[in-house]
Amino acid sequence: MNVVKLIIFAGFLISYSLNGVSRGIGETEITTDDGIEVFQNEKYYLLKKNVIISSDDFKITSDNVKANFEIDLYDITSLETKGNSSINAIKYGINGKGDEILINIKSEEIKVIGKNSLLNLQDTKMSSDGSIKVNNLLGAFELKGANSNLKNDGLDIYGEYISGIFVEIDGKKQLKKLEVEDKNLLKIYTEDLEMSSQKAIYDDETNIFELFTKVKIVKGQEIISGEYGYFDTVKNSYKVKSDETSKVKVTIKNTNE
Amino acid sequence: MNFLLSIDKNKLFIFITCLIVIIIIFFSYNFINNEKSFPILAELPTSKSDIVKPKFSISGQNSEIFITAKNGNFINEEKILLENNVKFKSKEFQLISDNVIFDRKNLIATSKNKSKFSSKNTSIISAGFDITDNGNIINFKGQTVLKIK
């Protein structure tokens, strides 16, 4: 019995002593391996080597970080991370990683830069070899660069430039507007459809995808190509038109060949 | 008959001798005591510092930084080693460390000892620091922990 009491007491002592050195509730703790350089007049400080920023709402890790402040060190307005950066903001359902992450705290904007950049916003997964930008206040997002990809609600979108607006319905982010561009043809995959073109736009008020230039819609064995097309996501119907210089072309694949 | 003539000369001699011995013992005792209580010059407590409680200041662009310590020793004409409870204090912050080298000519302070920085809602603990550019740049060195409330 005495041994049990001793173990409980020792456990209490250890947890108490650990509390003394760990981060308190509401506090933000920043640790670095190679120091912090404060530029008081310029109002920023550099966090050097193996930086970990942790608070109740988020955790950021990076090789190096620049923190800009307004009044004093505590009043951070933006963060610029460089090298092996990651962010995990559980409260906002955001997590991501990339070479660089720019965070504007006032405007609630996050930008992930670099090859193999990732940014997940709840169930929406975004990736790019260029940059991914999300503004949490406005609900706006923008992906730029090669291999940009957005996956959301059964949609799988590839293009050099993807932008749009999310709206939150019942706590879930849903696409309100979307614009995709790619000179080398963008691709949009739904559950049973594959679309490609140089430009595409979507509006949730009409529930229609409009496709412009070098349009191709593939459904099962059917391939339809033209210069303009649209896909109604509610009726699950589509149509392709030609312009003055070309004609609509329909190809039926023969699977027996 | 005269009183003095009636005193036994032998007894008087013994009395005077005893008195002299007592006086000699008394003065000898006092002399030895004084010798013990009076410190030898080599044993006098001397300050090991060149400067006791040194004070300096760095005039920054926005505010002045006051530097204080318990002791200071000249390394050369320009550099002073500030020791024990070295404080850098301005309107905005306070920085405490031990063993800081202060360059009076270039107004640069350097420490390789554990340093504690505190300002409004902020505390920093580092393995050392440099203060340069008239106090504008503070470089906390080594493993550093910054806490923001």
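**Figure 1. Surroundings of N139(B) in the predicted model.** In this predicted model, N139(B) has a relative accessible area of 15% and is therefore classed as buried, the limit being under 20%. The residue belongs to strand β13 of chain B, which spans residues 137-140. Apart from neighbours within four places in sequence, the contacts of N139(B) include G128(B), F129(B) and D130(B) from its own chain. From chain A, N139(B) is in contact with I36(A), E37(A) and K48(A). Two of these chain A partners, K48(A) and E37(A), are themselves joined by a salt bridge, which is shown in Figure 3.

**Figure 2. The contact between chain A and chain B.** The contact is formed by 26 residues of chain A and 25 residues of chain B. The size of an interface is often expressed as the accessible area lost when the parts come together. Here the area buried between chain A and chain B is about 2100 Å², and carbon and sulfur atoms give 48% of that area. I36(A), Q40(A) and Y74(A) supply 28% of the area that chain A buries against chain B, more than any other three residues. I36(A) is also one of the residues in contact with N139(B). Between chain A and chain B the count is 1 salt bridge. E29(A) and K147(B) form a salt bridge in which the closest N and O atoms are 3.8 Å apart.

**Figure 3. The salt bridge between K48(A) and E37(A).** Over all chains, a search of the whole structure finds 12 salt bridges. In the one shown here, the closest N and O atoms of K48(A) and E37(A) are 3.0 Å apart. The pair links distant parts of the chain, with K48(A) in strand β3 (residues 44-54) of chain A and E37(A) in strand β2 (residues 36-39) of chain A, 11 residues apart. E37(A) has a relative accessibility of 18% and so counts as buried, a class that requires under 20%. Both K48(A) and E37(A) are in contact with N139(B).

**Figure 4. Salt bridges at K177(A) and K133(A).** K177(A) forms a salt bridge with D203(A), and their closest N and O atoms are 2.9 Å apart. This pair links distant parts of the chain: K177(A) lies in strand β13 (residues 172-189) of chain A and D203(A) in strand β14 (residues 194-203) of chain A, 26 residues apart. The relative accessible area of K177(A) is 34%, so the residue is partly exposed. Elsewhere, salt bridges with shared partners join K133(A), E142(A) and K144(A) into one network. Within this network, the side chains of K133(A) and E142(A) meet at 3.9 Å, N to O. K133(A), at 26% relative accessibility, counts as partly exposed, whereas E142(A), at 18%, counts as buried. The two residues fall into separate classes because the limit for a buried residue is under 20%.

**Figure 5. Aromatic pairs in chain B.** A search of the whole structure finds 11 aromatic pairs over all chains. F56(B) and F102(B) form a tilted pair, at 5.2 Å centre to centre and with 45° between the planes. The pair links distant parts of the chain, with F56(B) in strand β2 (residues 55-59) of chain B and F102(B) in strand β8 (residues 100-103) of chain B, 46 residues apart. F56(B) and F102(B) are both buried. In addition, ring pairs link F93(B), F117(B) and F140(B) into a cluster.

**Figure 6. Lysine residues over aromatic rings in chain A.** K66(A) lies over the face of Y44(A), at 4.4 Å from the ring centre. K199(A) is positioned over the face of F212(A), at 5.9 Å from the ring centre.

**Figure 7. Overview of the two chains.** Chain A has 1 helix and 18 strands, and chain B has 2 helices and 14 strands. Of the 257 residues in chain A, 38% are buried; of the 149 residues in chain B, 30% are buried. In chain A, 29% of the contacts between residues at least 6 apart in sequence join residues at least 24 apart. In chain B, residues 24 or more positions apart account for 26% of the contacts with a separation of 6 or more. The accessible surface of chain A is about 14400 Å², with 51% belonging to carbon and sulfur atoms. Chain B exposes about 10400 Å², and carbon and sulfur atoms supply 60% of that surface.

Technical notes: Residues are numbered from 1 along each chain as its sequence is written. Chains are lettered from A and ligands numbered from 1 in the order in which they are written. This is a predicted model: local features need pLDDT of at least 70, side-chain atom pairs count only at pLDDT 80 or more; totals for chains, interfaces and linings use all residues. Side-chain values use heavy atoms; hydrogens and water are left out. Helices (H or I, at least four residues) and strands (E, at least two) are DSSP runs, numbered from the N terminus. Buried means under 20% relative accessible area, exposed over 50%, partly exposed in between (1.4 Å probe, protein chains only). Contact means heavy atoms within 4.5 Å. Accessible areas come from the Shrake-Rupley method with a 1.4 Å probe; for residues, only the protein chains shown count as cover. Rings of Phe, Tyr and Trp (its six-membered ring) pair if their centres lie within 6.5 Å; planes under 30 degrees apart count as stacked, over 60 as edge-to-face and the rest as tilted. A charge sits over a ring if NZ of Lys or CZ of Arg is within 6 Å of the ring centre and within 35 degrees of the ring normal. Buried area is the accessible area (1.4 Å probe) that two parts lose on being put together, summed over both. A salt bridge is a side-chain nitrogen of Lys or Arg within 4 Å of a carboxyl oxygen of Asp or Glu.
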